[in-house]
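Colleague: I should be grateful for a close look at a single part of this structure, namely the open sheet. Please describe how its strands are arranged and how far the prediction may be trusted there.

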Amino acid sequence: MKIGIDLGGTTMSVGVVSDKNEIIAKKEIETICSDGADKIIERMSQLVQQVMNQVDKTQISHIGIGCPGMLDRSAGRVLYSNNLGWENIEISEKIRQIFKIPVYIENDANCAALGEYIVGSGKDVNTMIMITLGTGIGGGIIIDNKLYRGKSGNSNILGHMLMVSDGLLCTCGRKGCWEAYASGSALIRMANQKAEECKESELSKYKELDHSLNGKNIFLAIHNGDKAACQVFEQYIAYVAEGITDIVNIFEPQMIVIGGGISQQGEFMLNPIRQLVEKNVYCGLDAMPIITTSCLGNDAGIIGASCLNEY
Ligand SMILES: [Zn+2]
């Protein structure tokens, strides 16, 4: 058995994972970033202790932690994490001293990709790229059964490839990144703009009634056939597909797995994405990967983190 931890800016989840990569015990709490790194690491240890108490803890071989941000894996440090508000925070050694077993850390998006590759949507392929459409765009690249990390170990910044030269300002400081056009936040921004332009639209009504637009009311308007909302959806899907086409052209993976809240739309979003990628992919249909959604949800990060000793 092993422990997998998914440390996010909003919640942290800790699970005991069996040798067959099934979660057998799990606990989740709020991260509360404003408490600072020491408190968060302390609460994480308590949570690990609690799940360990539910099993025979002598059988637990190691702990894997998925963290957002840039990491120094060999030093077990988070170099910089915008989401957590951390800079140069040692994490592995602190946890190792408490539990006296090996501790591994990895970027959270890589852990989610690993989880999907090991037991989720990608379990039957050996080259797979996962993209997570959330507040930003996260990504993880598996090539020939290995997690691809690049020279610095932090190469999975798929969301920050350029979509529009001198375009919208991205959270990274550069202008025109894919993330600024195809993340979940970008969809909400586009819908808000449309609601302002089309005062008679259902989008505009929801914006007023619910005081803000979110994934739920935007997709309600889309499914109800609201013209303004459907235009936003069409534009958004085009941006998502443009980025995926570039990824397919570069890597020719066997599979693209889409995660994040929007992936709950399933075939409704996958079909138009597939059509656009098929139309534009450089090497034609022979290069076309399976494009699907993640099937493990939040558990992917826990399972992936628990397997870091092997990848
Ligand atoms: Zn960027």
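Modeller: Confidence in the chain is lowest in β5, where the mean is 92, and reaches its highest value of 98 in strand β13, residues 290–293. This is a predicted model, and the average pLDDT of the chain is 94. Of the residues, 100% score at least 70. As a general caution, predicted coordinates should not be read in detail where pLDDT is low.

β5 belongs to the sheet that you ask about, an open one of three strands in the order β5-β6-β7. The pairing in this sheet is antiparallel. Its edge strands are β5, residues 70–72, and β7, residues 86–90, and each of these pairs on one side only. From one strand to the next, the twist averages 15°.

In general, the strands of a sheet pair through backbone hydrogen bonds, and they may do so in a parallel or an antiparallel manner. Here, strand β6 covers residues 77–81 and is joined to β7 by four bridges. The two strands, β6 and β7, run antiparallel. A particular pair of residues may help you to find this arrangement in the structure: Ser81 stands opposite Trp86, which lies in β7.

To trace the sheet, therefore, one may begin at the edge strand β5, continue to β6 and finish at β7, following the order β5-β6-β7.

Notes
Residues numbered from 1 in each chain as written. Predicted model: local features only at pLDDT ≥ 70, side-chain atom pairs only at ≥ 80, totals over all residues. Heavy atoms only, no water. Pairing = 2+ DSSP bridges. Axes fitted to C-alpha atoms, helices over the stretch in contact; angles between N-to-C directions. pLDDT = per-residue confidence, 0-100.
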